[in-house]
Amino acid sequence: MSDFMLKVRSPLDGIELTYGDVAIREITDRDIVSIAIPLGGTETLSKAVISAYQTELPAVGRCAKSHVDNAHFLGMAPDQYFIVFDRSGSESTDKITSKLGKTGYFTDQSDSWVMMRIGGPKSRTALERICPIDLHPTVFPEESVTRTLMEHLSTIILSEGNDHYLLLSARSSAGSFLQVLQKSVENVL
Amino acid sequence: MSQINRISGGLIDRDKTLNFKFDGRVFEGHPGDTLASALLANGQRLVGRSFKYHRPRGIVTAGSEEPNALVQLRRGAHQEPNTRATETELFEGLEATSQNHRGSLKYDLMAVNDLLSPFLTAGFYYKTFMWPKGFWEKVYEPAIRASAGLGRLSGEPDPDTYDKGFLHCDILIIGGGAAGLSAALTAGRSGARVILAEENFRMGGRLIAETLELGGMSGTEWVTETLAELTAMTNLRFMPRTTVYGAFDHGIYGTLERMTDHLSSNEQKPRQVLWRIYSKRAILCAGATERLIAFGNNDRPGVMLAGATRAYVNRWAVTPGQRIAIFTNNNDGWRTATDLTEKGVEVTAVVDTRDGPARVTPSGASVVMGGRIIDTKGRHGIRSLTLSNGQTIPADCLAVSGGWNPNVHLTCHQGGRPVWRDDIAAFTPGDNLPVGMTVAGAANGSLGLAGALAEGGKAGNVATQDIGYSRSNYTAPKTEEEAVGISAFWYVKESRQRSWLDLQNDVTIKDVQLACQEGFSAVEHMKRYTTLGMATDQGKMANVPALAVLAECTNKSIPDTGTTVFRPPYSPVSIGAFAGRSRGNDFRPYRLTPSHDWAVEQSAVFVETGMWLRARWFPQPGETHWRQHVDREVLQTRKSVGVCDVTTLGKIDIQGRDAPAFLNSVYANAFGKLAVGKVRYGLMLREDGIAMDDGTTARLSEKRFVMTTTTANAVSVFRHLEFCRQCLWPGMDVHVISATEQFAQYSVAGPNSRRLLGRLVDPEFDISNEAFPFMACAEITVCGGTPARLFRISFSGELAYEIAVPTRYGDALIRVLIAAGEPFDVVPYGTEALSVMRIEKGHPAGGELNGQTTAHDLGMGRLLSKSTDYIGNTLRQRPGLNFEDRPTLMGFRPVDRSTNLTAGAHIIAKGKEATMENDEGWISSVASSPTLKYSIGLGFIKRGSRRLGDVIRVVNPLKGEDVEAEIVSPHFFDPDGERLRV
């Protein structure tokens, strides 16, 4: 048995900030696994997802929710999904494999991203300063998801409704991303 | 003196008084004033000096076309030059100073230029200062530069902040005048998402500057009523103080919103925001700009556009003079007389260039039909004007109307050309509009109010129906009849005095004629020869009259003469706005390694590698030079063990049934038979056969590999793999995803590396040399169950491993590695020691993989697969990449071991001159080797492998270095790799 232990550290140490009625919070209790569809295996995967999660795989750009592990399937590309779910003791890919078997190629992405939630009446106004895509609810309604670029940083954005957004950006530049968000909120309040 | 020219009415708040300073003098104004209107209210006619001749100049316009009233606004570091007083909203404590004079504004020493004007005509730069030749750089140019320009920058960093943003809409309406508001009504009522952008701080355009009635109410009342409806719409976004400065592809418009320029203090909020507006349709309702008529001394303070005169009187309750004369070639000019008279301002004369009956005769005014003004008098402001019939008319303000130019600029930003309309003597938008744009109102050549209201409403309906919304009910309000007739009249030929076309650049009719006479008769040539139409106003008033003069010189029509090209920006945008928040530390994002915080605690010195900040070295007490840090780190690693954060290397997870075949095709060496649990070095070629990147790829299972790339090429290699997967071989079952961020990865190198790792790796995993030999890999656990990956690979030439854990454990792992290494005197090493060790070992890196070298050049020809086809395989066999003389990678060491080699130096044979003809190669990487205790280098030299032991010269002409060096193997250290395999 090793004499040493490794402590977990999140990208932003679980930061929570409030500016008026806009809140920014790092999400640290969720895992992310990428699911790639084996060539010709869409139907098999779909069935497995329905069976294990009681939900259908979403279209690209949409999110499908499941009560199982509070899982959110994000349609990222024609042959790729991200599943975001509550973290538990076991390794994230093991957990997905236990539910979906070998119906997909799974890659742990939990440590690749910093996960932030921005919410509040002026959150969309703040995001206007950095987000090139149209976040108006008629264009980007609840459960919409897409990849975009914010201040040079690759970002995945998911609309959670009611002016709340989940943002995923690269872990290594989490500090810069936080700064970008903070500046945007400060500039519009 | 306090607002002596303030009159009744207007849209100003007289209950509040604002104090401001101009050239140090304190004045008063009111909310709703611009700096220009407040200066006029206070009787300040002289506001600046002209660019070349330093002639006294006054306010000419009431908008962004202003050529004269350019001031330096605010003080100190906040100072901004060339700010248009006509657009500057007055605020308490505003400070402005006039520009371009030596001495006081009134007594400018540089006004002597005006006396020299016969020698300073257009193009004089090109004809004078030719001799003596040596004077140009030392005398003439510095002198010209010292006197050139208008305002001055503060020379200090700009303390204001700026921001950028993105907006989306169905309909973008550009301009909040009669047409724009009508368009907003129909577009807004349809439910479409509408943005209404208006340059001014108050919506209404000419409606609030004129006295025309519509729908039984005044223009201002109609605007107020309309705004009340529009502001209640949640689908409409108002953007006053916003200039749409450019029309770009796909309905994208560049827009500048002035957020806090009108406030005394911006309270740390961005001063301006540069928006990118994405629109499905755009309706240009930018109105029209009035133009002057050229006649002798038409630039004196007090000479003003007639429309601006009305605006000052009606909107700002300011009369620009007490005795005002009018000079016009169109009916619009007469409206000025009517408005002035109604306000009780004396009109001394109306001079109309057209023959025929007078329209209205203001009481006490002389009316001269078919009249010509040939000259004006008044040193610092107009006192009188002289007609061609010899009549002198007293006036302290001359309102001039030469007709109106529709603001077609944005219609031309995508290559469109405007078309000429004789009936209004102006260019109007052509057919080739930016995609999705329509034009309405005066911008479209409909110069009357009724036309603007109708066209605007219709344009709003058409645009919304185009994109699927239903038509709105809209009836344009009835307006009084307007007479908009014009007879083109550009300049007074009878004038003997200089007649100004471009007030901002001091360009006269004679200058344009001279340009034509000297062969610069094409409109673009004329512009550059005379500078007409350049600088902040971009010739908004001057261009068309100048075209008319040029057309006359060349015996062409105005449309045949054509216009210069309209380019963004429509009006100036500060560099700060373009930079946005990308300044200082916010210039670009940073990527931090998992060990960053720990490295900061160790006082590491960092280096930028792309966006990454990497620890370069770790100074220790007593060390005074970076070489000491690096030498210690290298020597201690080679002696015992060192740890380096190599997280920045690209990591790509590759999965699929066809993953082996995929790797066989993207790598130049074979991977199909790589066993599970093994790692292999891989070299990737570009399609043209040149080396693209290198790294290692480990096989974790039958269908799963993890590839590493160089830090620099992590993104480009991933992109390349995606291209191959999606486009070249879509039939392969293979998927790639970046895992660079997923794992914190550390190199643990040195003879004690295994012993150190042995203290971390959980006991069920055997990492002995036998169980885990060189180039082995495995998924293991460390520190009691934490998942990890272990690779036995080496960049340093030592027994070495790379250990990877999920990044959440990265900070902890570096601390544990250092703690576990204490018994072995473990040393953290940075990128410089990493580089030294790889050069000692002879590993190629960025300097060698420079986009010019092949596998053969790098000494890896034997690595190339003979049994598989791969990207680059065909073109690598080109004769041009395989001739005998191609430089190949070799090692170099100085004959005199006390001398140093320099990267980038050229290799020249002994006894030959250091010329390009004698160039035999170059040094690509160098290091001062603490292991060998002398300077070593890697480089490329012709026929390198056959010249072992030869002595050549390493020449660096930039530093005057010329060092004799011996050609040796690139593997300076442990060439047989014995240390790797122990």
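**Close-up views of chains A and B**

Among the contacts in chain B that link residues at least 6 apart in sequence, 66% bring together residues at least 24 apart; two residues count as in contact if their C-beta atoms, placed from the backbone, lie within 7 Å. This is a predicted model, so local features need pLDDT of at least 70 and side-chain atom pairs count only at pLDDT 80 or more, while totals for chains, interfaces and linings use all residues. Residues are numbered from 1 along each chain as its sequence is written, with chains lettered from A and ligands numbered from 1 in the order in which they are written.

**View 1. Chain B as a whole.** The C-alpha atoms of chain B fit a box of roughly 115 × 70 × 55 Å along the principal axes. Its secondary structure adds up to 21 helices and 50 strands; helices (H or I, at least four residues) and strands (E, at least two) are DSSP runs, numbered from the N terminus. Of the 982 residues in chain B, 55% are buried. Buried here stands for 20 or more other C-beta atoms within 10 Å of the residue's own, exposed for 12 or fewer, and partly exposed for anything in between, with C-beta atoms placed from the backbone.

**View 2. Helix 17 of chain B and what sits over it.** Helix 17 covers residues 659-666, and 7 of its 8 residues are buried, so the rest of the structure largely encloses it. The buried ones are Ala659(B), Pro660(B), Phe662(B), Leu663(B), Asn664(B), Ser665(B) and Val666(B). What covers them? Part of the cover comes from strand 35 (650-655), strand 36 (679-685), strand 37 (691-701), strand 38 (704-709) and helix 18 (714-728) of chain B.

**View 3. The largest nonpolar core.** This core has 215 residues, and those with the most contacts inside it are Ile173(B), Ile174(B), Ile283(B), Ile326(B) and Val512(B). A nonpolar core is a set of buried Ala, Val, Leu, Ile, Met, Phe, Trp, Tyr and Cys residues joined through C-beta atoms within 7 Å. Strand 8 (residues 162-174) of chain B supplies the largest share of this core, 8 residues. Domain 1 (16-28 + 112-188) and domain 2 (30-108) of chain A both contribute residues, so the core lies between them. Zoom in on Ile283(B): leaving aside neighbours within four places in sequence, its contacts include Ile171(B), Ile173(B), Ile174(B), Ala183(B) and Thr438(B). A second, separate core of 107 residues includes Phe671(B), Val761(B), Ile803(B) and Leu889(B).

**View 4. A five-stranded sheet in chain B.** Here 5 strands make an open sheet in the order 2-1-7-5-6, with mixed pairing; two strands pair if DSSP finds at least two bridges between them. Strand 2 (25-29) and strand 6 (80-84) are the edge strands, each pairing on one side only. Strand 5 (residues 70-73) and strand 6 pair in the antiparallel sense over 3 bridges, and Leu70(B) has Arg84(B) in strand 6 as its bridge partner.

**View 5. A three-stranded sheet and the loop with Arg383(B).** In chain B, 3 strands form an open antiparallel sheet in the order 21-22-23. Strand 21 and strand 23 (392-394) are at the edges with a single partner strand each, so one side of each has no neighbour in the sheet. Strand 22 and strand 23 run antiparallel and are joined by 3 bridges, with Leu385(B) opposite Ile393(B) in strand 23. Where is Arg383(B)? Arg383(B) is in the loop between strand 21 (373-377) and strand 22 (384-387). Arg383(B) is partly exposed, having 16 other C-beta atoms within 10 Å. Not counting residues up to four places away in sequence, Arg383(B) touches Lys377(B), Gly378(B), Pro394(B) and Asp396(B). The C-alpha atoms of Arg383(B) and Pro394(B) are 6.0 Å apart, although the two residues are 11 residues apart along the chain.

**View 6. Where chain B meets chain A.** At this interface, 45 residues of chain B are in contact with 38 residues of chain A. Elements giving two or more residues to the chain B side include strand 8, strand 31 (591-592), strand 35 and helix 20 (810-821). By class, the chain B side has 22 nonpolar, 9 polar and 14 charged residues. Ala, Val, Leu, Ile, Met, Phe, Trp, Tyr, Cys and Pro count as nonpolar, Asp, Glu, Lys and Arg as charged, and the others, Gly among them, as polar.

Terms used:
Domains from an automatic or database assignment.
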